[in-house]
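Trainee: I'm new to this structure and would like a close look at a single part of it. Could you pick one helix, walk me through it, and then link it to what lies elsewhere?

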Amino acid sequence: MIDEVDRRGFAVLGWLLGILLVTGLFSRALGLHWVQEVEWPTDLYALGRLERPLPVDVGIVGSSRSHYGLAPTAVDACLALTAGRATTTVSANRLAASLYASDIVARELFSGERKPRALVVEVAPESLNANHFELDYNVASSAGLGDVSECIGAATFGPPSLSGCARPLFRGVENIAFWLHRPLTEHRHITWMALYAGGGQYCFGTPACEARNADYDLRHQGRWKTRIDRVLPKVRTERFIDYTIEGGLPARHFVALLDRAKAEGVAVHVVNLPVSEVYQAEVPEAAYAEFLRWVPETTASHGGAFLDLNLPEWRVREQYIDPDHLNASGAGKLSARVCAELAGSVR
Amino acid sequence: MDAADAPLARHGSAGGVLVGSAVRHRRQTLVVLLVFAAALGVTGMTAERERAKNQAAYDAFLQTGLPPPAPKAISGATLTVQERL
């Protein structure tokens, strides 16, 4: 029997749910759903709300690897030569992004009225793992209300967790709390990069950028050893555990990204970014073989172009700030290489 | 008397309790909604202010081609964060 006290309890819960949902919708309407406890690597709020007089030429999505390895200013400097005009490249990356998060970022920032001429999509074997080690975080950081039902469907068979799927329903409160708590980690710096350099870690072409790059790499000199000690021992057991691609949320979203881009006439360049020799040695051969079988085939059958740059000539220690992230020198070279690939898509 | 009814009984007769309680709850709900609306309003204003500031800075950059000096690209917190990936 429901009595008055029960009714009050339900009313309190109803109000709470309503407030959380309204806060979520409000937060999304303001673009604050991009504000996370960790804004690094990209200030997606600044990028997402910026109005540009001309469309973006090249969009880049991926994780910290594309954040380090692909410098929009270097891509633009190179593209301007082939296109005969100034171009705009924008890089929007998510921490620990699988293709699930990358697709959502691309869907929200680089489609519809904001579609670029070309889209560069970073892929890595771990970013397509159905059992991606940060899939819950991917959902928590990127999924929208419309993604909840799909997430719950996937959660009944495997990762992500059901509690992770509920996060987008109530994330508005935490987005707003983080927003009001600003400035968060390195906020001013990443906003500066978002506004004046198209995002990414490194920028080129001005003395200020070159000084920043040198300063950053100098201050991170210890990062190579630190991550060899802390990250490499966990690569096999954490990032490649139960490795499988097909049927997982990242693979499904990768295909969705390709199909959407094809329907919108956006040229998609799927790039397997390089990692150092020591990191590659930790990638299980069977997993890497499956990755190299599935990605080029799927990319081609959905209208994209695949570029494999994880080749021995790109794996030299001097180009890396840590085992799987390029430094400024490596980023300059890689950006020029990717630019050469984009030349046909950006006129 | 059920223990759950005890707080209500403190306010007098059954009918008076319900009427007084309903009024009190409406007031409480109103206060919560006002606080909620105020919080959203403050958030909306700060978000809009930052958006406008960013847009003005970007527009100025397009006009001149010159970005302002870059802030330092490092902090202790960032180093910790970047250990994650």
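Mentor: Happy to. Let's start where two helices of chain A meet: the axes of α4(A), residues 72–83, and α16(A) come within 9 Å and cross at roughly 45 degrees. That angle is neither under 35 degrees nor in the 65 to 115 range, and α4(A) and α16(A) are therefore oblique to each other. Their crossing is right-handed. Keep in mind as we go that this is a predicted model.

Now zoom in on α16(A) itself. The helix covers residues 328–342 of chain A, which makes 15 residues. From first C-alpha to last, α16(A) reaches 21 Å, close to the 21 Å expected at 1.5 Å a residue. Which of its residues are buried? They are A328(A), G330(A), A331(A), L334(A), S335(A), V338(A), C339(A) and L342(A). Look down the axis of α16(A) and you'll find these buried residues within an arc of 165 degrees, so they line one face of the helix. If the spacing in that list looks odd to you, here's the background: an α-helix has 3.6 residues a turn, so residues three or four places apart point the same way.

Have a look at the start of α16(A) too. There, N327(A) has a side-chain oxygen that reaches to within 3.2 Å of the backbone nitrogen of S329(A).

You can find a comparable kind of contact at D43(A), in the loop between α1 (4–29) and α2 (44–49) of chain A. A polar atom of the D43(A) side chain lies 3.2 Å from the backbone nitrogen of Y45(A). The side chain of D43(A) also makes a polar contact of 2.6 Å with the side chain of T191(A). Is D43(A) buried or exposed? With a relative accessibility of 1%, D43(A) counts as buried.

Another buried polar residue to click on is Q280(A), which is found in helix α14 (residues 277–280) of chain A. Its relative accessible area is 12%, and buried means under 20%, so Q280(A) is buried. The side chain of Q280(A) is joined to that of N310(A) by a polar contact of 2.8 Å.

Then there's D322(A), in strand β6 (residues 320–322) of chain A. D322(A) counts as buried, at 0% relative accessibility. For a sense of scale, try going from D322(A) to F157(A): the two are 165 residues apart along the chain, and 35 Å separates their C-alpha atoms.

Back to helix pairs, since you've now seen an oblique one. Helix α5 (residues 99–109) and helix α13 (residues 249–264), both of chain A, have axes that come within 7 Å and cross at roughly 30 degrees. α5(A) and α13(A) are therefore roughly parallel to each other, and their crossing is left-handed. A further pair is α6(A), residues 135–142, with α8(A): these pack at an angle of about 20 degrees, with axes 8 Å apart. α6(A) and α8(A) are therefore roughly parallel too, but here the crossing is right-handed.

The loops leading into some of these helices have backbone details to check. Ahead of α5, in the loop that follows β2 (89–93) of chain A, sits A96(A). A96(A) has a positive phi of about 55 degrees although it is not a glycine. A96(A) is buried, with a relative accessible area of 3%. In the loop between α12 (232–239) and α13 of chain A you'll find D242(A). Phi of D242(A) is also positive, near 50 degrees, in a residue other than glycine. What about its surroundings: is D242(A) buried or exposed? D242(A) is exposed, with a relative accessible area of 56%.

One more loop, the one between α7 (148–155) and α8 (162–180) of chain A, holds P160(A). The peptide bond from P159(A) to P160(A) is cis, with omega near 5 degrees.

Finally, glance across at chain B. Chain B has three helices and zero strands, and from the N terminus on its elements run α-α-α. Of the 85 residues in chain B, buried ones make up 25%.

Key. Residues numbered from 1 in each chain as written. Chains lettered and ligands numbered in written order. Predicted model: local features only at pLDDT ≥ 70, side-chain atom pairs only at ≥ 80, totals over all residues. Heavy atoms only, no water. Helix = DSSP H or I, 4+ residues; strand = E, 2+ residues; numbered from the N terminus. Expected span 1.5 Å × (residues − 1). Buried < 20%, exposed > 50% of the residue type's maximum accessible area, 1.4 Å probe, protein only. Arc of directions from axis to C-beta. Polar contact = N/O pair within 3.5 Å; in protein donor to acceptor, adjacent residues only side chain to side chain. Axes fitted to C-alpha atoms, helices over the stretch in contact; angles between N-to-C directions. Parallel < 35°, antiparallel > 145°, perpendicular 65-115°, else oblique. Left-handed = near helix turned anticlockwise from the far one by under 90°.
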